[in-house]
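Morning, everyone. Please look at the screen, and follow along as I go through a few spots.

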Amino acid sequence: MNQETALEVMKSGVNTFLTGPPGCGKTYTTNLFLDWAYDNGKKITVCASTGIAATHINGSTLHSYLGVRNDDVLDIDDLLQIINNSYTQKRLNGTDILVIDEVSMLSAQMIENLNQILQKVRSNSLIFGGVQIIFVGDFFQLPPVKAAYAFHSPTWIEAQLTVCYLSHVYRQSDPVFIDLLQGIRDGVLTDAQMEIIQSRYKEDVSGLDCLRIETVNRNVDMFNDRQLDRIEGTPKLYQMRYDGNEMMVKGLIKSCMSPDKLFLKVGARVMFTKNDGYEKQYVNGTQGRVLELRDSSVVVGTTDGQIITVAEDSWERAEGYGFNKKILASVTQIPLRLAYAITTHKSQGATFDKAVIDLTQAFESGQSYVAISRVRTLEGLFLQGKIGRNFLKVSDEVKEYDKTIRETQS
């Protein structure tokens, strides 16, 4: 299905699952739909399954929107507490359309809770309490933590979601690389494709000026700190500023791609952590080097030759959309982070011209797929370490579900 057809499906008011491989334009299509809905007076709420994903869309987590702390089964007391909360009532009753991003990390139980809460608060027995739901994501990417996939939920099945399966990949243009990524997505590579993988291994990457993608947080922190220490001079600190609800602020700090305390030096390699919403000079994942450190801005020379003065930007937790949007909490920081290393989880949603990837310690389904699919070209892909036993780990449940929904598109 193409983006135009998917957009018309969502405009029709049906509950939808918008899916497809990385780089196929799921976010772009969702934003077109949000603009249309806003222009037509719809009350829109945008959520995501995790805090990191929520910061990408300036939305909230689904847990925060529903007023729940975890994915546990709701009992009578839980429901009464939610139903009697005036803020939750106002929030849920003020939603015509709910968009939920990164659905692969959403548990089946959370889908049940979503339906139950919306029906109770809105006093509406229709599926999802009559709210139009747009689920966005790719189940081949990162899974829920020790829980059943969303598509196992009885509510997911009952909803009979209209599936919009975007097929054309825009991030990569090389058909050989696209086929290779599809093979990793499916968990099966031909001998020829394995040879391509082997050809991208590079034992010595010390001369490469590019990002490392790691699977473990501690490796990322150690590598970034060590590389910054190698640059002469005293680092300049940019301290994040906060405003609004204290608990939401804590969640934003934890999830934000830019750190609470950003230490930089002239010459440090950096990465932009969000899209430029004004002049469109950079996107989440654009890389470069620090040229100058100012009091409240940083001058960066990007890898494609641009000189950009980067001012502070904000990440928000909000309710509503457009003129109905109400900011509940925000954090403000220079939208940069050190770009010597990043985790697979935090790379999701970004695009890189080149990267060094070590998947030796890959432990989840989808980690290899997410990491490698961040890179635009095979020439920009450099692999290190051994291919671990989880390199091609793909959930059989996901493969079976994907086969089922693909059949609906034919």
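How many aromatic pairs does a search of the whole structure find? The search finds 12. Keep in mind that this is a predicted model.

Let's take one pair. Phenylalanine 139 and phenylalanine 151 sit edge-to-face. Their ring centres are 4.9 Å apart, and the planes make an angle of 90 degrees. Both residues lie in the loop between β5 (132–136) and α8 (154–159). They are 12 residues apart.

Are these two rings buried or exposed? Phenylalanine 139 has a relative accessible area of 5%, so it counts as buried. Phenylalanine 151 comes out at 7%, so it is buried too. The cut-off for buried is under 20%.

Phenylalanine 139 has another partner. That partner is tyrosine 401, again edge-to-face, with 5.7 Å from centre to centre and 90 degrees between the planes. Now look at where the two sit. Phenylalanine 139 is in the loop between β5 and α8, while tyrosine 401 is in helix α15 (residues 396–407), so this pair ties together parts that are 262 residues apart in sequence. Tyrosine 401 is buried, as is phenylalanine 139.

Now zoom out a little. Which residues do ring pairs link into a cluster? They are Phe17, Phe128, Phe135, Phe139, Tyr149, Phe151, Trp156 and Tyr401.

Stay with Phe139 for a moment, since serine 104 touches it. Serine 104 is in the loop between β4 (97–101) and α7. Its relative accessible area is 1%, so serine 104 is buried. What does it contact, leaving aside neighbours within four places in sequence? The list is Asp138, Phe139, Gln141, Leu142, Pro143, Pro144 and Tyr149. Two of those names, Phe139 and Tyr149, also belong to the ring cluster.

Next, charges over rings. Arginine 200 lies over the face of phenylalanine 382, 5.4 Å from the ring centre. Lysine 236 does likewise over tyrosine 238, at 5.5 Å.

On to helix packing. Take helix α5 (residues 76–83) and helix α7 (residues 108–122). They pack at about 50 degrees, and their axes are 10 Å apart. Angles from 35 to 65 degrees fall among those called oblique, so α5 and α7 are oblique to each other. Their crossing is right-handed. On the α5 side, the contact comes from Leu79, Ile82 and Ile83. On the α7 side, Gln116, Ile117, Lys120 and Val121 make it.

Here is another helix pair. Helix α9 (residues 175–186) packs against helix α10 (residues 191–199) at about 105 degrees, with the axes 11 Å apart. Why call α9 roughly perpendicular to α10? An angle of 65 to 115 degrees counts as roughly perpendicular, and about 105 degrees is the angle here, so the label fits. Which residues meet? Val176, Asp179, Leu180 and Ile184 of α9 meet Gln193, Ile196 and Ile197 of α10.

Last stop: threonine 303. Find it in the loop between β13 (297–302) and β14 (307–311). Is threonine 303 buried or exposed? Its relative accessibility is 57%, so it counts as exposed. The cut-off there is over 50%. Threonine 303 still has contacts. Not counting residues up to four places away in sequence, it touches Gln287, Gly288 and Asp353. Glycine 288 is 15 residues away along the chain, yet the two C-alpha atoms are separated by 5.1 Å.

Terms used:
Residues numbered from 1 in each chain as written. Predicted model: local features only at pLDDT ≥ 70, side-chain atom pairs only at ≥ 80, totals over all residues. Heavy atoms only, no water. Phe/Tyr/Trp six-rings, centres within 6.5 Å; stacked < 30°, edge-to-face > 60°. Helix = DSSP H or I, 4+ residues; strand = E, 2+ residues; numbered from the N terminus. Buried < 20%, exposed > 50% of the residue type's maximum accessible area, 1.4 Å probe, protein only. Lys NZ or Arg CZ within 6 Å of the ring centre and 35° of its normal. Axes fitted to C-alpha atoms, helices over the stretch in contact; angles between N-to-C directions. Parallel < 35°, antiparallel > 145°, perpendicular 65-115°, else oblique. Left-handed = near helix turned anticlockwise from the far one by under 90°. Contact = heavy atoms within 4.5 Å.
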